Amino acid sequence: MGVSYDGTLTKADGKGKWWEGYDPQDLYAQNHPMSKGSWADGMIHRQWAWGNGAAIPSQKFCTNFYNRTVDAINRYNPDLIYFDVTAVPFYPVSDAGLKIAAHFYNHNMATHKGKLEAVMFGKILDENQRKGLVWDVERGAPNKIQETPWQSCSCIGGWHYNTSIYENNGYKSAASVVKLLVDIVSKNGNLLLSVPLKADGSFDEKEEKILNEFGAWMDINKEAIYETQPWKVFGEGPIAESDIKINAQGFNEGSYTHATSEEKRFTQTSKALYVTMLAWPSEQKVIVKSLALNSNLFPKKINRVELLGYGKIPFTRTVEGLILTLPSKRLNDIAPVIRIKK
């Protein structure tokens, strides 16, 4: 705190630098007084809403932001726009964000023969705001199925490339990414995953390994993810059955990345129910309590159970649950997915 970012730079500051002759204010237009407060007194949380010492943007800045965003919409016809703010930009101190949203949706319909394909994301949305925007949860997830689609944004490392994360093996593993993905999808969500790139636009070999492992898992198990819907319950297990809170923005994904095989998540299509264990169990025998005999969650008779990438596996159904026998050799180092035909 107390240190200005480069938004305060002027044309004169560029003398002798690579950007000499350019005026940063043409890009930023945000040379405003510093916000008041400190990280120690919780300013990072307080200033997701205007007030509490946050510097109010000038009309010039709001207009500049509006013009640049509308120009990008008109030039590139995006279907998705993500704003890292509460609701829409500047709300409620300016209507620029609301006007951007209206233009984005109207422009999208005009370029899609009257059909709305546009999705705008915002953070910290109330129930009414979620009717007009898609709720984004940063690095986390709610612990129940959401009525409307939502999104979690996360990253395998930091939001920007960080050599110390690379050197200290600080990336999420492919298994951790799968845990997050499956949990999120089971609750009607979508995962936006960032892979930070180096200055030259490339990714390093550790990131490549993670992506290859994740891709290999998806090649076999993608039918439990793509074009699926939440089931009657999203999952079972200690985490599923606990009340894990999210703060205003999110930041609770650590609770999910350490999930064991006790955690199971459900997704479905019109033809099948999928049960994903968030890790491989140490034993071949696994029980799915939600699919117990005479369960009102799945009253139909189960005739066949398959392990994706393997085939049919033995099972018995008791009042305790659906007891599965997995093969002695694991198919991968990430997670098994079971398919049950409806």
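A residue counts as buried when its relative accessible area is under 20%, as exposed when this area is over 50%, and as partly exposed in between (1.4 Å probe, protein chains only). The model is predicted, so local features are given only at pLDDT of at least 70 and side-chain atom pairs only at pLDDT 80 or more, while totals for chains, interfaces and linings use all residues. Residues are numbered from 1 along each chain as its sequence is written, and side-chain values use heavy atoms, with hydrogens and water left out.

**Exercise 1. Decide whether Arg 139 is buried or exposed, and describe its backbone and its surroundings.**

Step 1: Arg 139 has a relative accessibility of 13%, and because the limit for buried is under 20%, Arg 139 counts as buried.

Step 2: Arg 139 lies in the loop between β3 and β4, where helices (H or I, at least four residues) and strands (E, at least two) are DSSP runs numbered from the N terminus.

Step 3: The phi of Arg 139 is positive, near 50 degrees, in a residue other than glycine. Most residues other than glycine have a negative phi, and most peptide bonds are trans.

Step 4: The charged end of Arg 139 sits over the ring of Trp 159, at 4.7 Å from its centre; the rule asks that NZ of Lys or CZ of Arg be within 6 Å of the ring centre and within 35 degrees of the ring normal.

**Exercise 2. Find where Glu 227 is placed, and decide whether it is buried or exposed.**

Step 1: Glu 227 is found in the loop between α7 and β6 (229–236), and it has a positive phi of about 55 degrees although it is not a glycine.

Step 2: The relative accessibility of Glu 227 is 77%, so this residue counts as exposed.

**Exercise 3. State how many aromatic pairs the structure holds, and examine the one formed by Phe 65 and Phe 90.**

Step 1: A search of the whole structure gives six aromatic pairs, where rings of Phe, Tyr and Trp (its six-membered ring) pair if their centres lie within 6.5 Å, and planes under 30 degrees apart count as stacked, over 60 as edge-to-face and the rest as tilted.

Step 2: Phe 65 and Phe 90 form an edge-to-face pair, with 5.2 Å from centre to centre and 85 degrees between the planes.

Step 3: This pair links distant parts of the chain, since Phe 65 is in helix α3 (residues 59–76) and Phe 90 is in the loop between β1 (80–86) and α4 (96–110), 25 residues apart.

Step 4: Phe 65 is partly exposed, with a relative accessible area of 25%, whereas Phe 90 is buried, with 8%.

Step 5: Ring pairs link Phe 61, Phe 65, Phe 83 and Phe 90 into a cluster.

Step 6: In the loop between β1 and α4 one also finds Pro 92, which a cis peptide bond joins to Tyr 91, with omega at about 5 degrees.

**Exercise 4. Determine how many disulfides there are, and describe Cys 62 and Cys 155.**

Step 1: A disulfide is a pair of cysteine sulfur atoms within 2.5 Å, and by this rule the count is zero.

Step 2: Cys 155 is in no disulfide, and the nearest cysteine sulfur, that of Cys 153, is 9.7 Å away.

Step 3: Cys 155 counts as buried at 0% relative accessibility, and Cys 62 counts as buried at 3%.

**Exercise 5. Give the volume of the largest cavity, and say which kinds of residue line it.**

Step 1: On a 1 Å grid over the protein atoms alone, a cavity is a set of points where a 1.4 Å probe fits but cannot get out, and lining residues have an atom within 4 Å of a point. Grid points are joined across faces, edges and corners, and a volume is the space filled by probe spheres set on the points.

Step 2: The structure holds one cavity of 30 Å³ or more, and the largest cavity has about 30 Å³ of space.

Step 3: The residues that line the largest cavity include Ile 220, Asn 221, Trp 280 and Pro 336.

Step 4: This lining divides into eight nonpolar residues, two polar and no charged, where Ala, Val, Leu, Ile, Met, Phe, Trp, Tyr, Cys and Pro count as nonpolar, Asp, Glu, Lys and Arg as charged, and the others, Gly among them, as polar.

Notes. On a 1 Å grid over the protein atoms alone, a cavity is a set of points where a 1.4 Å probe fits but cannot get out, and a pocket is an open set with protein on both sides within 12 Å along at least five of seven lines; lining residues have an atom within 4 Å of a point.
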